[in-house]
Structures are given as C-alpha cells and as structure tokens.
2 protein chains.
Amino acid sequence: MGTDGRDTKAARVYEALRAGILSGELVAGSALDEVSLADAHGVSRTPVREALRTLTSEGLLVPGSRRQLLVVDVSERHRSEIVAIRVALEGAAAAEACARATPDDVDALRLLTIKQRRSADTDDSESFLRLDEEFHRALAAVAAMPTLSRLLMQLGAFVRLTRLGEPTGRRHMRGLTREHEHLVDLLEAREAAGLREALEAHISSTAQRR
Amino acid sequence: MGTDGRDTKAARVYEALRAGILSGELVAGSALDEVSLADAHGVSRTPVREALRTLTSEGLLVPGSRRQLLVVDVSERHRSEIVAIRVALEGAAAAEACARATPDDVDALRLLTIKQRRSADTDDSESFLRLDEEFHRALAAVAAMPTLSRLLMQLGAFVRLTRLGEPTGRRHMRGLTREHEHLVDLLEAREAAGLREALEAHISSTAQRR
DNA sequence: GGGACCTCTCTTGTATACATACGCCGCCGG
DNA sequence: CCGGCGGCGTATGTATACAAGAGAGGTCCC
C-alpha cells in the first residue's frame, strides 16, 4: 500500500512516519504539523503533505478538532474490531484460495513456514513477525482477489499495532508456526470449511495470547 | 471517505473525478495527467495531485506502466470479488449490530425503508439507489465499528460501479425494499445468524439480478 | 539494413512563495 | 465578572517555478 513502489522523498517520509507510528515512537494522540516534519526530514512541505494524506487515508492519522492530524490511538475496542475484520476478510480469502490453490502456491506457503520455524528456533522474533505477516499476505494472495488484498494491506498497519504487546517467546512462535503448517495442510486438501474455521481460530487466538 | 469534509479545491476536483469515473463519463482504462486536469478544472496542479492520490489510494485509479494513472476497469471477476468482500464485511458488521442495536437504530433503519418505498413507488431510481446505499451504511454503522465502516466506504465506489447496469424497475426496487424491511425485522429480533444469512443472500442476489 | 545510443520532450517530483482561513488572546462592554 | 468581538499569528491550501527521470524518436555506426 501507500505510495506505490517508487523511490521518492514522499515515500521515504511516509515510511519513516509509518514506522514511527507502528513502533510507538510517535505517541498516540500527538499532533503532526507539516513544517516541523519537513524540517525534521530535510525536505519541503510538499512530500510531507503527500505522506500525511496517505497515512490519513489509511487511518493511521485521524483528523482531530482544531484542524490537526493526530496519531491514531487504538483502544481495546478497536483491537477486537481489527480482529473481527481480519477474520471476515481473511476467511473469505481462504475459502476462495481453496478453490484456486496450485501446487506452487502450496509450496511457497510451506517455504514460509519453514523459514518461520527457523526464526522461531533462533529466537529471532523480529524476522518471525515479518514472516508471519508475509504468510498471511501470501495466503490471501492465493485467492487472487486484488481488492481484498489491498484492504488487508491497509489493515496491516493496524494489525501490527494490535500486536505490539504480544508475547514473542520461542514456545509461542513455535505454536504459531504449527498452526500455519496446519493451515497449509488444509489448503492443500482443499478443505475450505475447515481452513476457514482454523484460520478464524488462529487469528482470534493471536489477539488473546497477550 | 476521501478528503474529509472540508470545502477545498482539491475536494471539488476529487468529487468531480469520482463522479466522472462512477458515471462512466471517464472511460475505464484511459490515462489522466495532472496538467490537463488542472487546466480543465481551472486550478493548479497541486489540488489535482491531491485528488489523484486520494483516488489512487481508494483504488479508483490504478498505476499503469509508463508511469500513468489509469481509470480502473472493473472486470467480471472483479465484480464477484467486490460482492464477496461486501458479504464478508457487512456480514461481520451485521452480527455485531445485532448485539448493539438500540430501538433508535431500528427506527432510523425503518425510516430509510419507508423513504425507499416512496422512491420505489414514484419510480425515482436515483434517490432509491442513494437510499439503498445509505441503508447499508447505516446498518453497518449500528455495529459501531469505525474501521470496518471506513473500509466499506472505500468499497462504496466499487459497489456503485458494479451496479451500473442493474435493473431499476419499480418491481425490482420494491423487492429490494422488502428485503431491507426483512433485515430490519431480523435485527430487531436480534437473530444474528438469520440476519447474516439474509444479508448475504440479499447482497449476492443484487449482483445476480442484472 | 538493423540495432544501439543519444537527445529531446513530456510528465511527474520537489521547492518555495503567496493566500487564506481558523483559532486564540486580549480588550471592551454589559 | 463574564461574554462577545476584533486583530493577530500560525497552520494549511494553492499557485508557480524549477529539476529530474523516463519514454520516444531519430540518427549514426557497424
């Protein structure tokens, strides 16, 4: 999502701000203004403006009163909402994916679980998290529903936010990996109903284990 | 969605372009460039740029090769994808709405069906369509899931696109109204499963009846 | 004659200057 | 003492000028 794939100042500012928000470096609720950001990043207001607009359309910034842009604050209620949306969207994608999965798709997903297992074994929680997100993206991609994937991409930032306090122990990572492996098995067997169910349980439980 | 609620040139250009795309006036697949649009609307490139970025992030414009922005082309496959997403998202919202609906919510929805019936009776297909969209928005709003509503808003443009060739006869409009009334009944009775099912059938069938 | 390179142009990216609108603060009047 | 009103400051909205990159077409060399 965001600013296509082009390497531009607007894209860099966007990435920087996004990373700042997701890491919690930019505290929720604080206001951003164009000039200080432009100054801070050593660019003019124009690319900053663009980055701010993009982040706003993704919901990471929310227009406040007093004509300000505030860093979004995810409440507990918001968290469960994100989970519900993921369940709905990824569930729909999974059902379609069952009908369309090729052996190559299955292999690609298997490869990801293997990498995940390695990350879990080496206790590399950062790369594990990245692989986890990639797995879900890849699974949705199998459905070949570009608009749905686009929505999930947008949601990705929120998912990351909801996972900030999640445990990252080896045990936990291995558990998640096992669940992913199971999901791939179900996909390969084309058990649409079972896959959907397992996926929904997987996503929901992720939100619980904190 | 789009450009907040402010009255600005960027917002006007955005609305104009959006309307053009949704009405089919801007043919799918054609490329837009900033200068001609700026010239056509009598503004500078800056607001045009902003409008284009917003439309792109909503998916109404897609980046093509040769660094162009093309008006989105909704294929048949894309149509069914939109329906599937609506089913997933609105279904999830409906389930939650059942748990949260207040008498006021129900009344507001009833009022909309009444207005719809009038539009159907007077054969005013344009206001009927608007009310239909508003009904679905309102139903989702009952769930009080702002992010989900935001996604549905974004999807709204595509929904409109998929409905371009839909029949608008009095019979058809009355049928849809009846279905809406039934949905409200189920919501009031808090029959979550039934509501979800009926809603999914309603949305799916809408796409069929063309 | 064909292919590669070079240049030219057209478009988008960026900077900056100007306009405007909105909120805030202080003053005045009730 | 409170409430409204007006000026001021600061933010965003807009215009425009400049830069840079990518594609197209022509030309030159092999």
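How far does a backbone N or O atom of A:Glu34 lie from a phosphate oxygen of DNA strand D? The distance is 3.3 Å. Keep in mind as you look around that this is a predicted model.

Let us stay with the DNA for a moment. Chain B also reaches the phosphates: an N or O atom in the side chain of B:Thr8 is 2.6 Å from a phosphate oxygen of DNA strand D. At B:Ser44 the backbone takes part, with an N or O atom 2.7 Å from a phosphate oxygen of that strand. If you want to find the elements behind this surface, look for helix 3 (45–58) of chain A, along with helix 1 (9–23) and helix 3 (45–58) of chain B; these are the elements that give two or more residues to the surface near DNA strand D.

Now step back to the whole neighbourhood of the strand. There are 17 residues around DNA strand D, and those that come nearest are B:Arg6, B:Thr8, B:Lys9, B:Ser44 and B:Thr46. On the DNA side, sugar and phosphate make up 61% of the strand's atoms that come within 4 Å of the protein. Sorted by class, this protein surface has 10 charged, four nonpolar and three polar residues.

Next, turn to the sheet in chain A. Three strands form an open, antiparallel sheet in the order 1-3-2. Strand 1 (31–32) and strand 2 (61–63) stand at the edges and have a single partner strand each, so one side of each is left without a neighbour in the sheet. Two bridges join strand 1 to strand 3 (residues 69–71) of chain A. You can spot this pairing at A:Leu32, which stands opposite A:Leu69 in strand 3. As a rule, strands of a sheet pair through backbone hydrogen bonds.

Finally, see how the two protein chains meet. In chain A, 33 residues are in contact with 33 residues of chain B. About 2600 Å² is buried between the chains, and carbon and sulfur atoms give 51% of that area. On the chain A side, A:Arg77, A:Glu81 and A:Thr147 lose the most area to chain B, together 20% of what that side buries.

Charges meet here too: five salt bridges are found across the interface. One of them pairs A:Glu50 with B:Arg49, whose closest N and O atoms are 3.3 Å apart. The count of residue pairs in polar contact between the chains is 20. Helix 4 of chain A gives the most to its side of the interface, with 11 residues. By class, that side has 16 nonpolar, five polar and 12 charged residues.

Conventions
Residues numbered from 1 in each chain as written. Chains lettered and ligands numbered in written order. Predicted model: local features only at pLDDT ≥ 70, side-chain atom pairs only at ≥ 80, totals over all residues. Heavy atoms only, no water. Near = heavy atom within 4 Å. Polar contact = N/O pair within 3.5 Å; in protein donor to acceptor, adjacent residues only side chain to side chain. Helix = DSSP H or I, 4+ residues; strand = E, 2+ residues; numbered from the N terminus. Nonpolar A, V, L, I, M, F, W, Y, C, P; charged D, E, K, R; others polar. Pairing = 2+ DSSP bridges. Contact = heavy atoms within 4.5 Å. Buried area = accessible area lost by both parts, 1.4 Å probe. Salt bridge = Lys/Arg side-chain N within 4 Å of Asp/Glu carboxyl O.
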